[in-house]
Amino acid sequence: MLWINISGILLIALIVWWFWLYKPQEVEVTNNKMVIRIENGVYTPAHIKVKANQSTLLAFIRTDNSPCAATVLIPGLEISEEIPLNKETVITLPPLTTGEYPFHCSMQMYRGVIKSE
């Protein structure tokens with residue numbers, strides 16, 4: 001009985017860490033261009049830091065053949081782009097004001113954030 005309780009507490013701690021405490025690594029754009037790979041159900045990197053008031057190029061390369069991954073949406077910038085399989089697709093971001101701009105696939109299963117500072 002004790003082991004079941006300990007296992008339950010550990011499972012709850014893991015869920016709290018995963019959903020509320022985990023902070024993914026943020027990658028800063030250098031030379032105004034970032035390559036983002038879409039594979040295995042995730043964007044890599046998914047948390048991108050860009051300089052405010054400066055245009056940026058995001059190059060998406062999709063190797064994930066899921067139809068959900070075929071579209072990238074950046075709702076805050078009204079950008080919707082089809083990403084063909086195994087080809088680079090470049091999206092030009094306009095100069096951004098400071099803030100966060102989430103991006104995702106058409107079903108919002110793949111997610112990422114562009115943070116402008």
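How much area does the chain expose, and what share of it do carbon and sulfur atoms supply? About 7700 Å² is exposed, with 58% from carbon and sulfur atoms (Shrake-Rupley method, 1.4 Å probe). This is a predicted model, so to speak from the record: local features need pLDDT of at least 70, side-chain atom pairs count only at pLDDT 80 or more, and totals for chains, interfaces and linings use all residues. Residues are numbered from 1 along each chain as its sequence is written, and side-chain values use heavy atoms, leaving out hydrogens and water.

**Overall layout**
- The chain has 1 helix and 10 strands (DSSP runs: H or I of at least four residues, E of at least two).
- Starting at the N terminus, the helix is followed by the strands.
- The radius of gyration is 17 Å, against near 13 Å for a compact globule of 117 residues (C-alpha atoms; 2.2 Å times the number of residues to the power 0.38).
- Along the principal axes, the C-alpha atoms fill a box of roughly 60 × 35 × 25 Å.

**Core and contacts**
- Of the 117 residues, 32% are buried (under 20% relative accessible area, 1.4 Å probe, protein chains only).
- The largest nonpolar core has 25 residues, and Tyr 43, Phe 60, Ile 74, Leu 93 and Ile 114 touch the most other members (buried Ala, Val, Leu, Ile, Met, Phe, Trp, Tyr and Cys joined through side-chain atoms within 4.5 Å).
- β2 gives this core its largest share, 3 residues.
- Beyond its neighbours within four places in sequence, Leu 93 is in contact with residues including Leu 58, Ile 74 and Ile 114 (heavy atoms within 4.5 Å).

Technical notes:
Buried means under 20% relative accessible area, exposed over 50%, partly exposed in between (1.4 Å probe, protein chains only).
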